[in-house]
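The exercises that follow are meant to be worked with the sequence and the coordinates open side by side. Each one sets a task and then goes through a solution step by step.

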Amino acid sequence: LGCYRSKTRTWIWSVVYLCFYGFMVQLKPGEPFITPYLLSTEKNFTSEQVTNEINPVLTYSYMVVLVPVFLLTDYLRYKPVLILQSLSHVSIWLFLLLGASLLEMQFMEFFYGITMAARVAYSSYIFSLVPATVYQRVASYSRTSVLMGVFTSSVLGQICVSLGGVSYRMLSAVSLGFVTFGLFLSFFLPWPKRSLFFNQARLEEERKEAAQSELAKMKPEENDGSVAAQGSNHKYPSWTNTVFVQMLKELKNVVKVPSLRLWSLWWVFNSTGYYLVLFYVHILWNKVYPATDNKHVYNGAVEAASTLLGAVTSFAAGYVKIRWNLWSELVIGLITAVQAGLLLLMGITDNIWVFLCILFLNNSFCVFLLSFQIASSLTKELCALVFGVNTFLGTVLKTIITIIVADKRGLALNVQSQFFVYFFYFTLLTVVYLGCSAFIITCHYRNQRAQEETTEVAIATELSPMTTAASEGTTAHNGTSIKT
């Protein structure tokens with residue numbers, strides 16, 4: 001009992017520290033103002049440079065480092081990747097604070113891509129610290145700490161800019177101080193003994209060796225031979241039997257499940273559009289409302305409101321009951337159609353308040369769909385692998401679109417033209433989703449009608465002998481016709 005209480009206290013304090021770390025590393029009050037900073041007189045980059053030469057590097061960096069970071073996160077058991085993420089955060093703000101050339105800003109975006117890829121380390125780290133019975137609860141704690149960190153950071157940044165008159169450079173220095181403290185915290189994170197894929201077998205081997213050692217100490221004379229025999233027969237598991245390889249083999253079964261297939265396709269295609277909009281919306285915002293005074297730049301307030309609205313939307317989605325196997329394509333198609341319309345309005349409006357309302361609605365719809373636990377039937381290992389594969393495919397698609405649309409070696413469209421491209425992209429997705437929905441709903445009701453007709457025929461067949469018998473009995477009773 002004492003050992004159990006000790007282990008419980010250990011993982012509780014580990015979760016508390018991890019949540020505190022998750023909150024602190026989000027304190028970057030200058031982050032909502034990076035684009036205004038680059039476009040301001042302090043940095044003096046043009047809108048074309050930011051749109052076609054600086055921002056695309058983030059997408060390319062994310063694609064290149066995503067798979068190595070995903071694998072190293074599990075193989076190295078999280079902590080080294082979280083330290084790498086904190087080092088990248090420090091690098092970002094050093095480049096923003098001290099850099100002045102286009103190349104230095106591109107390096108800043110490269111390190112930003114590393115921090116995005118390393119987010120998987122924090123989100124999956126929690127599962128290696130706690131028993132399976134409390135996974136859902138502690139995952140909500142860690143997610144809440146991140147959201148609270150983003151909200152607090154955005155509010156703090158807006159207060160500094162609007163009320164304190166703090167310059168973007170000073171705000172970058174404050175952010176550098178916070179992320180440096182986050183780097184310091186990362187060195188004291190507990191180092192788990194297990195992870196989702198690569199370290200399960202290693203942990204089991206250590207447990208077996210410990211058990212054999214204790215047995216040998218208790219009865220050395222009796223167990224010398226047996227332990228030696230077990231040691232000689234000891235075989236490390238083949239790499240083909242590892243959890244990771246087994247999960248790769250199970251991936252082919254995921255595509256056979258309609259709900260999981262739809263969830264994967266939605267994540268690949270819709271998340272691509274969502275992140276493209278997210279990466280370039282601040283540039284369009286500056287075009288719609290080119291504020292000359294920093295006090296009238298409200299990026300932090302909008303970021304804080306979006307985070308709060310996203311949390312409320314995510315909570316509300318838990319109370320919405322949808323018959324997902326029938327109406328999923330229709331729901332996704334209708335929401336995607338609304339998003340397409342919002343992107344069209346975003347590209348043509350010159351009213352900042354209309355623009356911000358559209359931005360809030362677009363973010364809310366994405367969070368709303370993401371909040372449905374479509375993949376809840378999967379194990380946490382397979383769910384993590386499916387999520388990783390979907391994210392990689394989405395990143396590849398995002399990279400292709402960026403090269404064609406945004407990069408200076410492609411079409412190098414201005415930001416307003418890009419949003420018209422995103423409008424057509426979401427319109428195409430809408431047509432596909434609604435077409436699939438019409439087909440699925442038609443097949444469903446056709447099969448339902450066929451089953452009802454089959455049931456009616458079966459019932460009529462069962463009742464027919466009883467009706468005949470009753471008719472014969474009545475005839476005999478009346479004496480008008482008696483069969484012999």
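**Exercise 1: Helix lengths**

Task: compare the end-to-end distance of helix α8 with the span expected for its 19 residues.

Solution. Helix α8 covers residues 168-186, and at 1.5 Å a residue its 19 residues should span 27 Å, which agrees with the 27 Å between its end C-alpha atoms. The expected span is taken as 1.5 Å times one less than the number of residues, and helices here are DSSP runs of H or I with at least four residues, strands being runs of E with at least two, both numbered from the N terminus. The model is a predicted one, in which local features need pLDDT of at least 70 and side-chain atom pairs count only at pLDDT 80 or more, while totals for chains, interfaces and linings use all residues. Residues are numbered from 1 along each chain as its sequence is written, and side-chain values use heavy atoms, with hydrogens and water left out.

Next, turn to helix α12 (residues 258-288), whose 31 residues reach 42 Å from the first C-alpha to the last, close to the 45 Å expected. A kink of about 45° is centred on Tyr280 in α12, the bend at a residue being the angle between axes fitted to the seven residues ending there and the seven starting there.

Finally, place both helices in the whole chain, whose secondary structure comes to 17 helices and 0 strands.

**Exercise 2: Burial**

Task: find which residues of α8 are buried.

Solution. Apply the cut-offs to relative accessible area, where buried means under 20%, exposed over 50% and partly exposed in between, with a 1.4 Å probe and protein chains only. In α8 the buried residues are Tyr168, Leu171, Ser172, Ser175, Leu176, Val179, Gly182, Leu183, Leu185 and Ser186. For the chain of 484 residues, the buried share is 44%.

**Exercise 3: The surroundings of Ser153**

Task: determine what Ser153 is in contact with, once its neighbours within four places in sequence are left aside.

Solution. Begin with the position: Ser153 lies in helix α7, which covers residues 135-162, and with 3% relative accessibility Ser153 counts as buried. With contact taken as heavy atoms within 4.5 Å, the partners of Ser153 are Gln26, Leu27, Lys28 and Pro29. The side chain of Ser153 also reaches the backbone oxygen of Gln26, at 3.3 Å. For the chain as a whole, residues 24 or more positions apart account for 85% of the contacts with a separation of 6 or more.

**Exercise 4: Salt bridges**

Task: locate the salt bridges of the structure and state how accessible Glu31, Lys28, Lys408, Asp407 and Arg409 are.

Solution. The criterion is a side-chain nitrogen of Lys or Arg within 4 Å of a carboxyl oxygen of Asp or Glu, and a search of the whole structure finds 3 salt bridges.

- Glu31 pairs with Lys28, their closest N and O atoms being 3.6 Å apart; Glu31 is partly exposed at 25% relative accessibility, whereas Lys28 is buried at 4%.
- Lys408 pairs with Glu53, with 3.5 Å between the closest N and O atoms. This pair links distant parts of the chain, 355 residues apart, with Lys408 in the loop between α16 (380-405) and α17 (415-478) and Glu53 in helix α3. Lys408 is exposed, at 52% relative accessibility.
- Asp407 and Arg409 meet through their side chains at 2.9 Å, N to O; Asp407 is buried with a relative accessible area of 3%, while Arg409 is exposed with 69%.

**Exercise 5: Aromatic pairs**

Task: describe the geometry of the aromatic pair formed by Tyr78 and Tyr125.

Solution. Rings of Phe, Tyr and Trp (its six-membered ring) pair if their centres lie within 6.5 Å, and planes under 30 degrees apart count as stacked, over 60 as edge-to-face and the rest as tilted. By this rule the count comes to 14 aromatic pairs. The pair of Tyr78 and Tyr125 is stacked, at 5.4 Å centre to centre with 20° between the planes. The two residues are 47 residues apart and link distant parts of the chain, Tyr78 lying in the loop between α3 (47-75) and α4 (79-98) and Tyr125 in helix α6 (residues 119-125). Tyr78 is buried with a relative accessible area of 1%, and Tyr125 is buried with 0%. Elsewhere, ring pairs link Phe95, Phe107, Phe110 and Phe111 into a cluster.

Definitions and conventions:
Polar contact = N/O pair within 3.5 Å; in protein donor to acceptor, adjacent residues only side chain to side chain.
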